[in-house]
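Let's take a look at this one together, starting with the ligand and then moving on to a pair of helices.

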Amino acid sequence: MSWTYDDFTKAVFNLTKIDLSSYKERQMKRRIDSLISRNNFRQYEEYYKALQTDKDLLEKFLNYITINVSEFYRNPGQWEVLREHIIPMLIEKHGKLKIWSAASSTGEEPYSVVMLLQEFFPLEDIKVIATDIDKEAIRKAKEGLYLEKSLQSLPREYISKFFTVEEELFRIDDRIKERVEFRHHDLLMDPYPNNCHLIICRNVMIYFTEEAKNKLYVKFGEALADDGVLFVGNTEQIIFPHKYKLKSIRTFFYKKM
Ligand SMILES: C[S@@+](CC[C@H](N)C(=O)[O-])C[C@H]1O[C@@H](n2cnc3c(N)ncnc32)[C@H](O)[C@@H]1O
C-alpha cells in the first residue's frame, strides 16, 4: 500500500527530528506534494527513500518547507510602535535588555532590532539572540548580504549608516552583525531562552496547528521576564492572550502579566 501524508511526516521526523505534524496540514501537504511532483517523484515513499540517501535533495527539501521570506523593518508601522513606545517602556523598567528574535530566518529581523536599539544604547551594550530551524538561513544571515528590495521599508538613515553596496547587493556593517548571536533552534522541540525582555516572533506561528500554537505561546510566556513583551506578526494576533498570562498592550504587542 502506498504511503499516506501521515506516514511521510513520521518518517521525516525520524530522519530529521522536524515535526511536520505540528504545521497546518493543508498548506504543508500542498507544498510538499507540489515539490515532489516537480522533482519527478510519484509517491511519498519513493521521495523519502531519495531524501535518505541524497543529502542535497534533503537540504533542498528542508529549505523549501521552512519558507524563509523576510525583510528589514517588515510592517514599518509596528517597528515605529516598538521604537516609540515599547523599547522606552522596557528600558525604563529593566535598563539593559535581553532580546530574542525567534524564527529569524536570514537575519533581517534581528539586524533591524539592533539598528533600532543603537538609538538607545551604545552598540557594545546591545546583544540579540537570533534563532531559526533552518541552518542555511542562519548561514545567509551570518553572511549579511541582501537584495535592495529587502531594505525597502528600512529607514533611509539606517541604510546609509549601516550598509555598503557591493555590486547589486547590500552588505550589513560588522558593527551591527557583531551584536547578534545566531543559533540553531527548533521552536517545537528545543528549550527556550529565559528572562527575555523582548521576544520577536513573527510570521512563523501562522504555519503551525492550533495545538502547536497553544503550546508555543505558553512557552513564550515562560521565556519572558516579568513585564517582558512578545512582538508578533501582522496576521498573528493572539485571540485569548490571558490564557497564556499575556496581555495586549498595543496591536501585535503582548506583555507578560
Ligand atoms: C516567513 S519566515 C519569518 C522571518 C521573520 N521572522 C520575519 O517575520 O520576517 C519563517 C521562518 O520560520 C522558520 N521556522 C519554521 N519552522 C520553525 C521551527 N519549528 N522552529 C524555528 N524556526 C522555524 C523558518 O526557517 C523561517 O526562517
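Here is a quick briefing on the ligand's surroundings and on how two helices pack. Keep in mind that this is a predicted model. There are 21 residues around the ligand, and the protein covers 99% of the 600 Å² of accessible area that the ligand has on its own.

**Who sits around the ligand**
- Out of those 21 residues, the ones that come nearest are Tyr23, Ser70, Arg74, Asp132 and Asn203.
- The shell is a mix: 9 of its residues are nonpolar, 6 are polar and 6 are charged.

**Polar contacts with the ligand**
- Asn203 has a polar side-chain atom 2.7 Å from an oxygen atom of the ligand.
- Arg74 also uses its side chain, with a polar atom 2.8 Å from a ligand oxygen.
- With Ala103 it's the backbone that takes part: one of its polar backbone atoms is 2.9 Å from a nitrogen atom of the ligand.

**How two helices pack**
- Helix α5 covers residues 76-94, and helix α6 covers residues 108-117.
- Their axes lie 11 Å apart, and the helices pack at an angle of about 45°.
- That angle is why α5 and α6 count as oblique to each other.
- As for handedness, the crossing of α5 and α6 is right-handed.

Terms used:
Residues are numbered from 1 along each chain as its sequence is written. This is a predicted model: local features need pLDDT of at least 70, side-chain atom pairs count only at pLDDT 80 or more; totals for chains, interfaces and linings use all residues. Side-chain values use heavy atoms; hydrogens and water are left out. A residue is near a molecule or strand if one of its heavy atoms lies within 4 Å of it. A polar contact is a pair of N or O atoms within 3.5 Å; within protein, one must be able to donate a hydrogen and the other to accept it, and residues adjacent in sequence count only if both atoms are side-chain atoms. Accessible areas come from the Shrake-Rupley method with a 1.4 Å probe; for residues, only the protein chains shown count as cover. Ala, Val, Leu, Ile, Met, Phe, Trp, Tyr, Cys and Pro count as nonpolar, Asp, Glu, Lys and Arg as charged, and the others, Gly among them, as polar. Axes are lines fitted to C-alpha atoms, for helices over the stretch in contact, and angles run from 0 to 180 degrees between N-to-C directions. Helices (H or I, at least four residues) and strands (E, at least two) are DSSP runs, numbered from the N terminus. Angles under 35 degrees count as roughly parallel, over 145 as roughly antiparallel, 65 to 115 as roughly perpendicular and the rest as oblique. A crossing is left-handed if the near helix is turned anticlockwise from the far one by less than a right angle, and right-handed if clockwise.
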